[in-house]
Amino acid sequence: MLEPVKIGLFGLGTVGCGVVNVLQRNTNELTRRAGRKIQISHASVRNINKSRLCNTQGIVLTEKPMDLVNNPDIDIVVELIGGTTRAFELVMKAIKQGKHVVTANKALIALHGNEIFAAAQAMGVNVAFEAAVAGGIPIIKAIREGLSGNKINWLAGIINGTSNFILTEMQQKGRSFADVLAEAQKLGYAEADPTFDIQGIDAAHKLTILASIAFGIPLQFNRVYTEGITQIHADDVQYAEKFGYKIKHLGIAKQSNQGVELRVHPALIPERCLIANVNGVMNAILVHGDAVGATLYYGAGAGSNPTASAVVSDLLDVVRTLTVDPENRVPHLAFQPNAISALPILSLAEIETAYYLRLRAIDEPGVLAKVATILSQGGISIEAIYQHEPKTGQKDVDIVLLTHKVKEKQLDKALNALEALPDVVGDVTRIRLETLDA
Ligand code: NDP
Ligand code: HSE
């Protein structure tokens, strides 16, 4: 049997300790798979005196991560500190030292991946990042290897566990947003800065990565349209249900002759779709390939053990290919580096979807007709309409509509006209509606 392979771990928090626990629990199984023992020899943390949720016996702890980078006995470093400053610096330095890298850091890959992979390519080392998207679901491997015979047409998924956990608890138990977010933080699901979760930024990081490996385009985080879950109102959840839909936070990437759509936002999806029933911290991603059709991947999207599952799988992959000629490894972004090419990214104005609209209007005869006229003049067909009776003591009513598919720019124009009507009170709420049909 070969000598154990030595690993240096940056970070012993939720995911770092998960990795230590899984490696310790499954040592025998993993050694049989890898052909040699995988041993965490060193770990770096911010505060060495903090108590840990894992057994660190036998691991040299330090507050100096550069000790790991400079240690010639360490073959692979695992970056689990998060953020894009220190993490970027450590990863680049490790690559320059000829070390392989495993990371769960989607922000790092989405923002600096192009540079990191170029450096890794030049040094002949591997940078593995399965845990960066959808926690424990092996979605990177599925797209990069399992579906590599296909042209990927589109993918759509629930890719932020914290947002899905919040929406589910609010919908099923009527809990408050703030209360559920605090629980997600306690459970280790949320990012260090949870606004990344609730404002859609984390999902946009993940979508950037998925789109790149699906379509062979560079990582372009700043081209993703990003909206989070903070504006979702309990009334919209209930009205959506009346029409047979659930509201979920989705990441969507589509490739067509016109270009690529990259968007992250809440959406109504038919409750008959499997993905509409993905609840709590679970994630699910639909990937449509031209040969295979629609495929669906489901599992825990965050948390210590599920994320460690992905990190440890990456470790095994890297260990197994340590002696492989770098040219023969699976390319980082699924396509050969010289074949990655930019496609036009469509602006939101050009994107076509159906919509859910809610407006508050004065309860007087003729208002519905005015609303219908404005939509029809804008070339927007109504699929369904519902008017809620006035709530006690109120003169205004909620009018809720579902539209057929229309370009976003056409809808924007019609909404401006609707909001200018004296009978319409305040802004019109709009949520995109996705049928997720093949
Ligand atoms: P935690 O905050 O739980 O842990 C971070 C660890 O890194 C801690 O041990 C901390 O040390 C150390 N650390 C933080 N900043 C620095 C720094 N500047 N220099 C050195 N060490 C530092 O984070 P998570 O484990 O939740 O997340 C780690 C990464 O995994 C992030 O990129 C995150 O996005 C990603 N991820 C997380 C998932 C989850 O479910 N939590 C799921 C998928 C990916 P100390 O403990 O001493 O403070
Ligand atoms: N904060 C992230 C989430 C962790 O909730 O999905 C997993 O990437």
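Here are some worked exercises on a predicted model, covering a strand, a ligand site, a core and two backbone oddities.

**Exercise 1. Find the partners of strand β10 and say which way each one runs, parallel or antiparallel.**

Start with the neighbour just before it in the chain. β9 (residues 245-256) pairs with β10 in the antiparallel sense, over twelve bridges. A hairpin of two residues takes you from β9 into β10. To check the register, look for lysine 254, which sits opposite glutamate 261 in β10.

Next, try β8 (residues 225-226). This strand pairs with β10 in the parallel sense, and two bridges hold the pairing. Here tyrosine 225 stands opposite arginine 263 of β10.

Now go further along the sequence to β17 (residues 424-433). β17 and β10 are also paired in the parallel sense, over two bridges. The residues to click on are alanine 267 and, opposite it, arginine 432 in β17.

**Exercise 2. How many residues of β10 are buried, and what does that say about its surroundings?**

Count along residues 259-270, taking buried as under 20% relative accessible area. You get twelve out of twelve, so β10 is largely enclosed by the rest of the structure.

**Exercise 3. Which residues surround ligand 2, and where are its polar contacts?**

Step one is the shell. Going up the numbering, ligand 2 has Lys106, Asn160, Gly161, Thr162, Tyr189, Ala190, Glu191, Asp197, Asp202, Lys206, Gly301 and Ala302 around it. Sorted by class, that's five charged, four polar and three nonpolar residues.

Step two is to map the shell onto the helices. α7 (161-173) and α10 (201-215) each put at least two residues into it.

Step three is the polar contacts. Glycine 161 uses its backbone: an N or O atom there is 2.7 Å from an oxygen of the ligand. Threonine 162 uses its side chain, with an N or O atom 2.6 Å from a ligand oxygen. For glutamate 191, a side-chain N or O atom lies 2.7 Å from a nitrogen atom of ligand 2. As for overall cover, ligand 2 has 250 Å² of accessible area on its own, and the protein covers 94% of that.

**Exercise 4. Which element gives the most to the largest nonpolar core?**

First get the core in view: it has 54 residues, and Ile95, Ile116, Ile139 and Val287 make the most contacts inside it. Then list the elements that give two or more residues: α3 (65-69), α4 (86-96), α5 (106-123), α6 (139-146), β7 (152-158), α10, β10 and β11 (282-289). The top contributor is α10, with nine residues. Notice that α10 came up earlier too, as a supplier of at least two residues to the ligand 2 shell. β10 is back as well, as one of the elements that give two or more residues to the core.

**Exercise 5. Alanine 334 has a positive phi, and so does leucine 436. Where does each one lie, and is each buried or partly exposed?**

Take alanine 334 to begin with. Its phi is about 75°, though it is not a glycine. You'll find alanine 334 in the loop between α12 (304-320) and β13 (352-362). Its relative accessible area is 22%, so it counts as partly exposed.

Then leucine 436, also a residue other than glycine, where phi is near 55°. Leucine 436 lies in the segment after β17, the strand that pairs with β10 in Exercise 1. With a relative accessible area of 16%, leucine 436 is buried.

How values were computed. Residues numbered from 1 in each chain as written. Chains lettered and ligands numbered in written order. Predicted model: local features only at pLDDT ≥ 70, side-chain atom pairs only at ≥ 80, totals over all residues. Heavy atoms only, no water. Buried < 20%, exposed > 50% of the residue type's maximum accessible area, 1.4 Å probe, protein only. Helix = DSSP H or I, 4+ residues; strand = E, 2+ residues; numbered from the N terminus. Pairing = 2+ DSSP bridges. Near = heavy atom within 4 Å. Polar contact = N/O pair within 3.5 Å; in protein donor to acceptor, adjacent residues only side chain to side chain. Areas by Shrake-Rupley, 256 points an atom, 1.4 Å probe, with all protein chains shown as cover. Nonpolar A, V, L, I, M, F, W, Y, C, P; charged D, E, K, R; others polar. Core = buried A, V, L, I, M, F, W, Y, C linked by side-chain atoms within 4.5 Å.
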